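Grab a coffee and open the viewer. Below is a short set of exercises, each with a worked solution.

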Amino acid sequence: MLLRQLEYLVALARERHFGRAAQACHVSQPSLSAAIRTLERELGTPLVHRGRRFAGLTPEGERVLLWAHRMLGERDALLADLAVMRHGLTGTLRIGAIPTALTAVSLLTAPFCARHPHIRIALHSLSSRDIVHELAEFELDLALTYLDGEPLGPVRRLPVYEEHYLLLAPEDSELARAGSATWAQAAAVPLCLLSERMRNRRILDEIFAANGATVAPAIETDSVAALYAHLATRTWYSVISHAWLHMFGVPAGMRVLRLHGTPQAPRIGLVVPRRDPEPMLVRAFTESTRQVDVRGELDRLASDQLGS
């Protein structure tokens, strides 16, 4: 069995099309098909459901795919280890981040890349549930996500900051003139929020409920950028994470307000699959993260905007 055969199987599972998988692997389709058939003969079991087109992996194929991700991950770790011995850290680090924490990732990647200029970063915006799946499938090396509330699987956790919630309101509104708001008052204004399938929204719904309020947003989106685009019209309000101020700030004509009655803030942190030995790129990023005060930077930014 060759690692190249496993690469072809991984590409086929990802692309779900023989032609696109062959193109991704820079080989002809007959070569890719022949290699996978050879792999099936060597393992003594069919791995792919074949019809006129790719019809999915067999149960045995799904199991081999999981092992393929592991073996290719170990191969990459070995190559990175040897590269360090020759030239220092090189390679690509695959990072997943929930949309609400995506704005804070640059606080970690900037000092890391300055310290290791030959490392490339592949950053993916994913839901918290997709992050758990892709870490288990070895599609990610590490991720920045919520640390509590939902199962994360066998991972190590490194807290980075706590997510605080603020209300963005038009500066000519009564709430802006009052200078702060309760969650019940926030539920009564036209809101633009992230969609219910996102963990951030589920947390907000729990806080609204704990304060005796229900919320029916006028606008829902799965994009922080789209949410801010609507806020720029000064038509809607929104409950934002203070980490968004780092990238988007406060739109013109809007004011950021403190929300009273917020319970314990959710923790955001790095999650790293438990592997022995731990890949050197992952270890280096974790060590770099420990030296960055993301919590302090975000808290100072929020305090400046609140004028406190």
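The exercises go from the whole chain down to single residues and pairs.

Before you start: this is a predicted model, where local features need pLDDT of at least 70 and side-chain atom pairs count only at pLDDT 80 or more, while totals for chains, interfaces and linings use all residues. Residues are numbered from 1 along each chain as its sequence is written, and side-chain values use heavy atoms, with hydrogens and water left out.

**Exercise 1. Describe the overall build of the protein chain.**

Step 1: start with secondary structure. The protein chain has 13 helices and 13 strands; helices (H or I, at least four residues) and strands (E, at least two) are DSSP runs, numbered from the N terminus.

Step 2: look at the extent. Along the principal axes, the C-alpha atoms fill a box of roughly 70 × 45 × 30 Å.

Step 3: check burial. Of the 308 residues, 47% count as buried. Buried means under 20% relative accessible area, exposed over 50%, and partly exposed in between (1.4 Å probe, protein chains only).

Step 4: turn to contacts, meaning heavy atoms within 4.5 Å. Take those between residues at least 6 apart in sequence: 73% of them join residues at least 24 apart.

**Exercise 2. Find the residues that make a nonpolar surface patch, and place Met1.**

Step 1: apply the patch rule. Patches are made of residues with over 30% relative accessible area and no salt bridge; like charges are joined within 9 Å, nonpolar side chains (Val, Leu, Ile, Met, Phe, Trp, Tyr) within 5 Å.

Step 2: read off the members. Met1, Leu3, Leu43, Trp67 and Met71 make a patch of about 470 Å², with areas from the Shrake-Rupley method with a 1.4 Å probe, where for residues only the protein chains shown count as cover.

Step 3: locate Met1. That residue sits in the segment before helix 1 (3-15), and counts as exposed because its relative accessibility is 52%.

**Exercise 3. His26 and Phe138 have positive phi: which is buried and which is exposed?**

Step 1: recall the background. Most residues other than glycine have a negative phi.

Step 2: take His26. Its phi is near 60°, and it lies in the loop between helix 2 (18-25) and helix 3 (29-43). At 73% relative accessibility, His26 is exposed.

Step 3: take Phe138. Phi is near 60° here too, in the loop between helix 6 (128-136) and strand 5 (142-146). Phe138 is buried, since its relative accessible area is 16%.

**Exercise 4. Work through two salt bridges, one linking distant parts of the chain and one inside a helix.**

Step 1: set the rule. A salt bridge is a side-chain nitrogen of Lys or Arg within 4 Å of a carboxyl oxygen of Asp or Glu, and the count comes to 16.

Step 2: try Asp148 and Arg267, which meet at 2.8 Å, N to O. Asp148 is in the loop between strand 5 and strand 6 (155-162) and Arg267 in strand 13 (residues 267-273), so the pair links parts of the chain 119 residues apart. Asp148 is partly exposed at 36%, as is Arg267 at 29%.

Step 3: now Asp205 and Arg201, paired at 2.9 Å, N to O. They are separated by about one helical turn because they sit four residues apart in helix 9 (residues 199-210). Asp205 is partly exposed at 25%, whereas Arg201 is buried at 1%. Shared partners join Glu196, Arg201, Asp205 and Glu220 into one salt-bridge network.
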